[in-house]
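Reader: Hi! I have some time to go through this one with you. Could we look at it together, a bit at a time?

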Amino acid sequence: MKLKTIISLLLLIILFQSFSYAQKFVKVKKSEYKIEDEGFKEAWKHVKKGSHFFKMNKKGAFSEALNDYLTALNYNEDNAALNYLTGICYLKTAEPRKALKYLDNAYFNYAGVSEDIQYWLGMAYQYNYQFEDAVENYEEYRESLTAKQYKKLQYKINKRIEECESGQKLMNDSVRCFVDNLGDGINTKAPEYSPVFFFRDSILYFTSRRENTTGGKKNPYNKMYYEDVYISKYENGKWGDAQQMDYPVNTKHNDAVTDISPEGRELCIYRGYKGGGDLYNSQYKGDYWKKPGKMNRINKGNFRESSVSVSRDSMVLYFISNRKGGQGRQDIWVSYKTQDGKKWQSPENLGPVVNTKYNEETVEISSDGRDLYFSSKGHNSMGGYDVFKTHREDDGTWTEPENIGYPINTPGDDVFFMLSPNEKFGYYASDRKGGYGDKDIYEIVFLGPEKPIQTAKENPNDLIAYFAEPISEADIEKPVNIKVIQLSTVKGIVTDALSGEPVKATLELVDNATGEVVKVVESYASTGAYTVPLPPGKDYALTAGAPDYFFHSENFVIADTSTHEIIRKDIQLQPMGVGAKIVLNNVFFDTGKSTLRPVSFPELNRLAELLVKYKNVRVEISGHTDSQGSLGLNQKLSQRRAQSVVDYILTRGVNLAQIVAVGYGETLPRADNSTASGRQLNRRVEAKVLEK
Amino acid sequence: MKKILLILFISYFSLHSFAQRKKITASGQDAELAYNAGVKSFLSQDYINAIASLDKAVELKPNFGKAFYNRGVVKNELKDYESAIADLSVAAQLEKNMPKVYFARGFSRVNINDYKGAVQDFTQALLQGYKKPNAYYYRGVAYLKLKNYNEAISDFNKAIAVNSGYAYAFHDRGSAKRLKGNLEGAAGDYRKAAQVDSQLYFAYNNLGSVLNELKKFDDAVKAYTKALSINPEYYESYNGRGLAKYAEGLQILSQDKKKEADKIFNDAVSDFKKAVNFNNTYAEAYNNMGVVRLKLSDFKGADEAFTKAISINGKYAEAYANRGTARENLRQFKAACNDWNKAVELGISHSEKYIKGCK
């Protein structure tokens, strides 16, 4: 063998080993396992059986081994080697998160159970999102390696550490979404994956490895049931129980759906048997699917082509292949149809921006042909396969793939991602926590960036004190001054002119200017006293009268400026007897004439009423003057004046016989004619009782 | 003997005094009498009868300027501002040198949001020699409403110069400063207002609001609490305190202390509950309650709160947008889309981004 070939082979072995870490088989020692006789024999059988499966080193076999080891642990749960093996089994099967408990237990009981225990512990922590603890264990494991081991294993360990660092970053910047299991109509404890939606009819095609697989056999390569294609319809708010598709879609070997044409009439299928696999497509003819034919221009020799996605216009096809000429192992390849649309051209590798030295798996092109979703163990995966997105620029180059983020991606395998036409929903397969078992199909609801939530602004009116707490600003104008009249008082005592005894008399005050009666009061019978408040500024006539008495009259003026004046008017009433006489003080004549002024009439009316009442009474009305002027003229004037009075009284219904007019001129003065006041008093009219 | 004389003296004096005290109203003064009756009724806070009396006064004497003025003042008390303005305008014509007429009319105008007219009237009052500081104060209020903050502050300064204990002027000067962005200045004035009048609960409330903006959350909460100690039913302060706690919670959340933040958020929700307890039509408090519940991931509770806010104010755009977020988190995507569409319709432009995914 040429040296070159040997070296190449050696390199290949190293490379292979650098990309996989084989778990060590640790033998469970009987002496360490046995704790008591009871139950030991049965338990030991499970240990041996489990180990038998473990050594097969196949996914399906690890599941079998797990069942036996768990049973064996019931007998002795603290055996380090058994715990170690159980942990490894979990890591190799569908529930890697559960490995932590057992590996931790193994390490706790015996840190030296296996020289690689810390590597697996690191992985177990990683699956449980405990990245700091994972890194710590990876680093400690790395420190424990010999130089030779380090050379061989460093890439693997460093990769794991990088995944943990990615995991921490991705968790700190999580994507806002819901990730919901599609439910038990689709998912079971067997693996379900590769969802392909025909949205128009709400139909889902997917792949599963179930016990009822066509042919009922397990793939000897991985000891798992062969894949079959299933179909489910969304009705009444949920996915109906999935139905297995019939031949020719499903065969007794691996049949996995990978894509469907936009009209739903062409199904792309992966078929594999012994580790390789090819892409097929089947046409829908009325009510059945035709036998799938190989996609000859896409498949190549004994290489494995899996997962295909065809652009909406059917002109570009992306697929996964492990053929030579890629960046390493499985890569994404693209093929373009010829101009006439009839043939696929020779595929091209999508290049080192998208592809990595690690496996790329599953691919999906968006409906506008610009975004490509795929899974990869490279780039900044947080562990296993993560879903990435790359964008095709106008110049045909692809952007640096972007991890679509946590919680969609997990430390486990996250594959077969696709978007709904409105890009609100995504679908993929994952072995994340909370499934029915192994991989399940999930729906992702993208919520987009966090929506701003707005609190309400405060009430602006409260910024102003007056509006927050109104106050009164009333400044009422003061009351105005009101003019008041200060009253004067007329008071006095009414007595009998002869006896001097008090008389209860009626006193009437008249406003001489208007003739209006201002007040009427009575004097007290016991005292004869009377009091009358009167406003100033008037000329009053005061008349006092009582039965069987001549009335008394006089007039007086209260000046305008008078305030609180007290005017004393004592009145002596003349009893109505012969010789009784009164001065008619409120009878007035025009100057030098005998014409009565109308202001005289109230007084004369009173006299007339008296005479009408007392028909037996006969009175003399006498006129008097002062001494000014001639005797003869004064005589005549006084006579005429007396007559005027009589004439007026007669008009008031008084009998002529009751009254006579006499003029005395200046012959009977009652006061001194040398003074003005005396002369005024002398100018008068009197009434005297002649007969009664 | 002395007793008799004393009795006589007292009797005479009483009689004389009684006589002396006898007065009667001169005639022709009915308008004045009615006016005075109006004043008397007003002072007894019998405003209806005051109006009736003043009505009579002006009917009897149509040029009775003071009666028109007083009637205008009474109408202000009765919040019949438009009618008060009519009366005060007549009074201004009849009483040429009565600056308080312009003050009273300016006051009426403030109350009907005629701030420009109010400024003119207060200015006229001051030009005519109006001496009281409240003319400056209310003109300052009018300027504040007109967003002329510098003029407002100048007037509040003048009011304070006349009356150094004018709590309202301090308070509103603080508000003017706040609106100008001078938060520290505003806080100082609110404190001063409260110092002058310790019962000014709204001063404490506004102080809390400013402190909240200054991110002094502890002090803000204390200020709101003080407001509530004075007026336990001041729901605005419960709302404000809730907002301060919410802001504080956000700050703590940004330090990755979720448990501590959640405790404060729960306290905030309690405050919003108290606010709506005192005012069950307080849509803003319901909205704010919903916001905090969103932060607590109580999406159902948030939905209920936003729904209540919307039931009070059917055009509450923010509440629709917020409820969309709550409903999205409750996986009610159609309902969420409906809400965002409504929010866009009502003017919340950012919601347009979210309805793209609704098709």
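Author: Happy to. One term to settle before we start: a polar contact is a pair of N or O atoms within 3.5 Å, where, within protein, one must be able to donate a hydrogen and the other to accept it. Also keep in mind that this is a predicted model.

Reader: Good, thanks. Which residue shares a polar contact with the side chain of Asn359(A)?

Author: That would be Tyr385(A): the two side chains are joined by a polar contact of 3.5 Å.

Reader: And what else does Asn359(A) touch, leaving out residues up to four places away in sequence?

Author: Besides Tyr385(A), Asn359(A) touches Arg329(A), Gln330(A), Ser375(A), Ser376(A) and Lys377(A). Take Lys377(A): it sits 18 residues from Asn359(A) along the chain, and their C-alpha atoms are separated by 5.7 Å.

Reader: Where is Asn359(A) in the fold, and is it buried or exposed?

Author: Asn359(A) belongs to the loop between β17 and β18 (360-365) of chain A. It counts as buried because its relative accessibility is 13%, and the cut-off for buried is under 20%.

Reader: You mentioned β17. What sheet is β17 of chain A part of?

Author: An open sheet of four strands in chain A, running in the order β14-β15-β16-β17 with antiparallel pairing. β14 (305-310) and β17 (348-349) are its edge strands, each pairing on one side only.

Reader: How many bridges hold β14(A) and β15 of chain A together?

Author: Five bridges, in the antiparallel sense, with β15 covering residues 316-321. For an example to click on, Val310(A) has Leu317(A) in β15(A) as its bridge partner.

Reader: Nice. Switching to backbone oddities: which peptide bonds onto prolines are cis?

Author: There are two to show you. The bond from Tyr247(A) to Pro248(A) is cis, with omega near 15 degrees. Tyr406(A) and Pro407(A) are also joined by a cis peptide bond, and there omega is about 10 degrees.

Reader: Where do Pro248(A) and Pro407(A) sit?

Author: Pro248(A) is in the loop between β8 (243-244) and β9 (254-260) of chain A. Pro407(A) is in the loop between β21 (402-403) and β22 (414-419) of that chain.

Reader: Why do you flag those bonds, and positive phi values too?

Author: Because most peptide bonds are trans and most residues other than glycine have a negative phi.

Reader: OK, so what phi does Asn113(B) have?

Author: A positive one, about 65 degrees, although Asn113(B) is not a glycine. You'll find Asn113(B) in the loop between α6 and α7 (115-127) of chain B. Asn113(B) counts as exposed because its relative accessibility is 52%.

Reader: And what about Lys147(B)?

Author: Lys147(B) has a positive phi of about 65 degrees, and it is not a glycine either. Its place is the loop between α8 (134-145) and α9 (149-162) of chain B. With a relative accessible area of 60%, Lys147(B) is exposed.

Reader: How is chain B built overall?

Author: Chain B has 20 helices and one strand. Of its 359 residues, 54% are buried. Among contacts in chain B between residues at least 6 apart in sequence, 46% join residues at least 24 apart.

Reader: Now my favourite topic, empty space! How many cavities of 30 Å³ or more turn up?

Author: Three, from a search of the whole structure. The largest cavity has a volume of about 70 Å³.

Reader: What lines the largest cavity?

Author: Residues from chains A and B, including Glu473(A), Ala474(A), Asp475(A), Tyr69(B), Phe103(B) and Tyr130(B). In chain B, α4 (65-77) and α6 (99-111) each supply at least two lining residues. By class, the lining has seven nonpolar, one polar and four charged residues.

Reader: And the second largest pocket, what is its volume?

Author: About 990 Å³. The pocket is lined by 36 residues, with Val587(A), Gln680(A), Leu681(A), Arg683(A) and Arg684(A) nearest its centre.

Reader: Which element gives the most to that lining, and what is the mix of classes?

Author: β31(A) gives the most, with four residues. The lining of this second largest pocket has 11 nonpolar, 15 polar and 10 charged residues.

Note on methods:
Residues are numbered from 1 along each chain as its sequence is written. Chains are lettered from A and ligands numbered from 1 in the order in which they are written. This is a predicted model: local features need pLDDT of at least 70, side-chain atom pairs count only at pLDDT 80 or more; totals for chains, interfaces and linings use all residues. Side-chain values use heavy atoms; hydrogens and water are left out. On a 1 Å grid over the protein atoms alone, a cavity is a set of points where a 1.4 Å probe fits but cannot get out, and a pocket is an open set with protein on both sides within 12 Å along at least five of seven lines; lining residues have an atom within 4 Å of a point. Grid points are joined across faces, edges and corners, and a volume is the space filled by probe spheres set on the points. Ala, Val, Leu, Ile, Met, Phe, Trp, Tyr, Cys and Pro count as nonpolar, Asp, Glu, Lys and Arg as charged, and the others, Gly among them, as polar. Two strands pair if DSSP finds at least two bridges between them. Buried means under 20% relative accessible area, exposed over 50%, partly exposed in between (1.4 Å probe, protein chains only). Contact means heavy atoms within 4.5 Å.
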